[in-house]
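Work through the exercises below with the sequence and the structure open beside you. Each task is followed by a solution in steps.

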Amino acid sequence: MSIDLSQFHAVFFEESFEGLELMEAALLELDVDNPDSEQINAIFRAAHSIKGGSGTFGFVQVSEFTHILETLLDKVRDGGHAIDADGIELFLQSVDCLRGLLEALQAEQEPDLQRANQLARVFQAVLDGATYADSSSQVNTNPPQDNEINEVLEPGPPATPEAENLGTVRQQIGFTIDFKPDTDMLKGGNDPVRMLRELATLGEIKTTLDASELPPLESLVADNCYVSWHIELITSCKIDDVEEVFEWVEDECELSITPIMADAPNVGNNQSEDAQSNSNAQAADTTGQRLVMPSGPLPSLDELQLPSPAVPKSFEAAHPIESPVQEAIKIPVEAKPAKAKPAKVESSSIRVGIDKVDSLINLVGELVITQSMLGQMGSASDSINEENIGHLREGLVQLEQNTRELQDSVMRIRMLPISFTFNRLPRMVRDISLQLGKQVQLELSGENTELDKTVMEKISDPMVHLIRNALDHGIEMPEVRKAAGKPELGTIALNAFHQGGSIVIEMTDDGGGIDTERLLAKARGNGLIGESELLTQDQKLELLFAPGLSTSEQVSDLSGRGVGMDVVRRNIQELNGSVEVSTEIGKGSTFRIRLPLTLAILDGQLVTVADQTYIFPLVSISESLQIDGAKVNNLAGGSDVYSLREEYIPILRLDRLFGLRQGEAVLDGSLLVVIESEGQKIGVVVDELLAQQQVVIKSLEDNYIRVLGVSGATILGDGNVAMIIDAVGLSSLAGKDIAAAKKLTDAAA
Amino acid sequence: MNSAEQQDAKNGLQHTLANGNQPSAQDFADQQQYLTFLMQDEEYGIDILNVQEIRGWGNVSPIPNAPNYVSGVINLRGAIVPVIDLRMLFHLSDSNYDENTVVIVLKVSTEKVNRIMGIVVDAVSDVFSLLPADKQPPPSVNRNFSHDFIEGLTEVKGKMVILLDSERLLHLENNL
């Protein structure tokens, strides 16, 4: 009996990614000087589970890599090998590498093993007694690819002069394979092309086709094989792996496999002279002697980074170019295979705590009881009397309560603690601050605040962006901070909490603050703001979110291109949320993101306008009142304002804004719903206030287009469709009226 | 499909084929079925594969600031589906809704358009089969707005039928 293991793949990947997150978090927390054995154990356990799982599912690449990682961790755990800062860096890199492998496997692509192999060798080297620093520095430096190609093409001095000084050692870097299939090999169903492809997976191959024996077309037998190949394979594989490729055709071809030996610079070893004498030796080492890495001398940077400049060069030296054909095909061979980053597969499952499921089951149980109670009442009472109706009402109240609780419970299933998003931030802050040469600590609080999974997925990118911005522009360099009398260590604090029906995420940095004057100057320079326009402080800050505006003097790869903040705001607004910023020069800035807890359900106030029902989100309503005709002022241009507690608020008529009916309506005595959008109060005239109820939000855009002033629709109890009012859209619909009222309020103040 | 059914289907095809010729097997595969409906005594046809259902007119909620030919939205078993009044879109005379007024719910899912929408018409009339060869291109003179939705013209039982392109009809971004 065989079990289809692939059905468990999703779970494996999910658990592995969780394991990696765990490892990462523990590594970042690990105190190098005084490592907590419990944390090392945690890292070890995570690595071990990944290894076990990947072994079970046949992901050999992952399990082999994890095995080496685990071996080293085991030594660290036993105290046999101390860990230092470089070691942590190395482990972090291996976490990234594992993640890359797993993502590739999850996307059903062939994982790129190059990096894994590099790291594996470094780990092996560390196991053999080298320090982390030696090894990790080798992995860190990645020469740009362009240079690589150029350098290979230009026969010049060696890439690294140091390498020359340090001496070289002969190193096996691959094999030359002469493969001549017998004439009738194809008849046996063996396809040489398949073998070449197989070889190509082992490393980089360079093939030369010998078609000299190809007969003229008229005497050619279609299923005979007349050609042979000369293959040069650059790989770290053993000869057995190569032989395995040809396993099936051993008897049907002439095959010779010889290892290629090449000179490789070596770090501080004592064999250098011996090695150097061999450095210009003949093409292939016919003895088939193999140097198995990394026993003995430590492999250096250059071989660790196959294909790196030095190796192909020495390879070139050992193998003078034989034919123009080879010359021609050289470039594509040297060029690295396109390393398209595997598309991140969005996980579509969530893990739910058993307590949530239990409460759901309890509620369903209660619901069943209520239902049977109501059913009994319905069938038992033939006549309707006072008593029956009383019971029935009771039952209905109970039903309502059950339904509401059930709804809450179901919604809670989709709620995840925000730590899922927060957890990836410490690593990012660490990496970026290192890169920028800044000292930054990240303080997290409120990680257990829960919010809807969909909201969380969409808020993660804007948050990453805000943090990057804070790191790049907010926090100053240590010297500057010191000069300003601040601690050299900058702080970015992230806090999440619930407030009303929303979740608030606050990001505070103690950096230089935002220079609003510079923002304004930039905006004037870009023509976003006219020279003569005067702006309030808030309006100046608003410019931060204008597209194409950046206060950064320099464009870095992190930020400064002026795209970003507008995207951040747009993403947040798409979630029905808002973002506010406050700042103080020299002290720092605070970004406050406010988001609805869920996207699916909304507490709404039902109103009618011109016989149509509309729904205001309850959160956007600040009050409802009956209009006192004396407080209505009519402005020139036809807009009405209402004077409400020393503030003039614009009066909008939904019937006219939405084109429902024409004509003058008497304002005195009618109902005004005051809503708040982006800090501005707006009064909306409605005919009637109906009930408050929870409504399920349905998209209008699925089958129609976006409608200004409407965020969606819902289906009411009677089956009719009602539009949900979008306060932000409404205010832009009535931009003129609002501006007029604002001017009046400002003038009054 | 057994042979008897096939024979029936062929008979049916023969019966409704517009040109009256004997259909070949290839024709049988190529034939398209159209649902026809009436608007102001004009007969229009729409590819039946795009028709999801036909329902009576009613319970339409207006969409704020929509063009006059967008009647509003209806609740189609939990989905919010917009309804457009084809008579208004084609600038036909004022439409009055009576007991014959129906909403044809169209569903198009192609790369460009993927939506469900209802169209209000006077009455649904018939279903007929058509070979591509019997389709004539729309007249090229006097192109205007409503001509854009016309896929072609054909003749059924001596009467002209205007064939509409559902995909373009539902590609609202162009029309609004």
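**Exercise 1. A helix pair in chain A**

Task: Find how the axes of helix α19 (residues 453-474) and helix α23 (residues 565-574) of chain A are arranged, and which residues meet.

Solution. The model is a predicted one.

Step 1. The axes of α19(A) and α23(A) come within 9 Å, and they cross at roughly 155°.

Step 2. Angles over 145 degrees count as roughly antiparallel. α19(A) and α23(A) are therefore roughly antiparallel to each other.

Step 3. The crossing of these two helices, α19(A) and α23(A), is left-handed.

Step 4. On the α19(A) side, the residues that take part are Lys458(A), Asp461(A), Pro462(A), His465(A) and Leu466(A). They meet Val568(A), Asn571(A) and Ile572(A) of α23(A).

**Exercise 2. A second helix pair**

Task: Are helix α3 (residues 60-77) and helix α5 (residues 114-127) of chain A roughly parallel or roughly antiparallel?

Solution.

Step 1. Here the axes come within 10 Å and the crossing angle is roughly 25°.

Step 2. The cut-off for roughly parallel is an angle under 35 degrees, so α3(A) and α5(A) are roughly parallel to each other.

Step 3. The crossing of α3(A) and α5(A) is left-handed.

Step 4. Contacts from α3(A) involve Gln61(A), Phe65(A), Ile68(A), Leu69(A), Thr71(A), Leu72(A) and Lys75(A). Their counterparts in α5(A) are Ala116(A), Ala120(A), Phe123(A), Gln124(A), Val126(A) and Leu127(A).

Step 5. Ile68(A) and Val126(A) also belong to a nonpolar core of 37 residues, which includes Ile50(A) and Val95(A).

**Exercise 3. The sheet in chain B**

Task: Give the strand order of the five-stranded open sheet in chain B, and place strand β7 (residues 114-121) in it.

Solution.

Step 1. The order is β3-β6-β7-β5-β4, and the pairing is mixed. The edge strands, each pairing on one side only, are β3 (51-56) and β4 (70-76). From one strand to the next, the twist averages 30°.

Step 2. On one side of β7(B) is β6 (residues 102-109): the two strands run antiparallel and are joined by eight bridges. Val103(B) has Val120(B) as its bridge partner, and Val102(B) has Val121(B). Four residues separate β6(B) from β7(B) in the hairpin that they form.

Step 3. On the other side, strand β5 (residues 79-85) pairs with β7(B) in the parallel sense over three bridges. Val83(B) stands opposite Gly118(B).

Step 4. β7(B) is mostly covered, with six of its eight residues buried.

**Exercise 4. The largest core**

Task: Which residues have the most contacts inside the largest nonpolar core?

Solution.

Step 1. This core has 75 residues, and those with the most contacts inside it are Val684(A), Ile725(A), Val73(B) and Ile119(B).

Step 2. Take Val73(B) and leave out residues up to four places away in sequence. Val73(B) then touches Ala713(A) and Val721(A) in chain A. In chain B, Val73(B) touches Val60(B), Ser61(B), Ile63(B), Ile80(B), Val81(B), Pro82(B) and Val83(B).

Step 3. As a general background, nonpolar side chains in soluble globular proteins tend to be buried together.

**Exercise 5. Chain A as a whole**

Task: How many helices and strands does chain A have, and what share of its residues is buried?

Solution.

Step 1. Chain A has 26 helices and 22 strands.

Step 2. Of its 749 residues, 32% are buried.

Step 3. Among contacts in chain A with a separation of 6 or more, 72% join residues 24 or more positions apart.

Technical notes: Residues are numbered from 1 along each chain as its sequence is written. Chains are lettered from A and ligands numbered from 1 in the order in which they are written. This is a predicted model: local features need pLDDT of at least 70, side-chain atom pairs count only at pLDDT 80 or more; totals for chains, interfaces and linings use all residues. A residue is buried if 20 or more other C-beta atoms lie within 10 Å of its own, exposed if 12 or fewer, and partly exposed in between; C-beta atoms are placed from the backbone. Two residues are in contact if their C-beta atoms, placed from the backbone, lie within 7 Å. Two strands pair if DSSP finds at least two bridges between them. A nonpolar core is a set of buried Ala, Val, Leu, Ile, Met, Phe, Trp, Tyr and Cys residues joined through C-beta atoms within 7 Å. Axes are lines fitted to C-alpha atoms, for helices over the stretch in contact, and angles run from 0 to 180 degrees between N-to-C directions. Angles under 35 degrees count as roughly parallel, over 145 as roughly antiparallel, 65 to 115 as roughly perpendicular and the rest as oblique. A crossing is left-handed if the near helix is turned anticlockwise from the far one by less than a right angle, and right-handed if clockwise.
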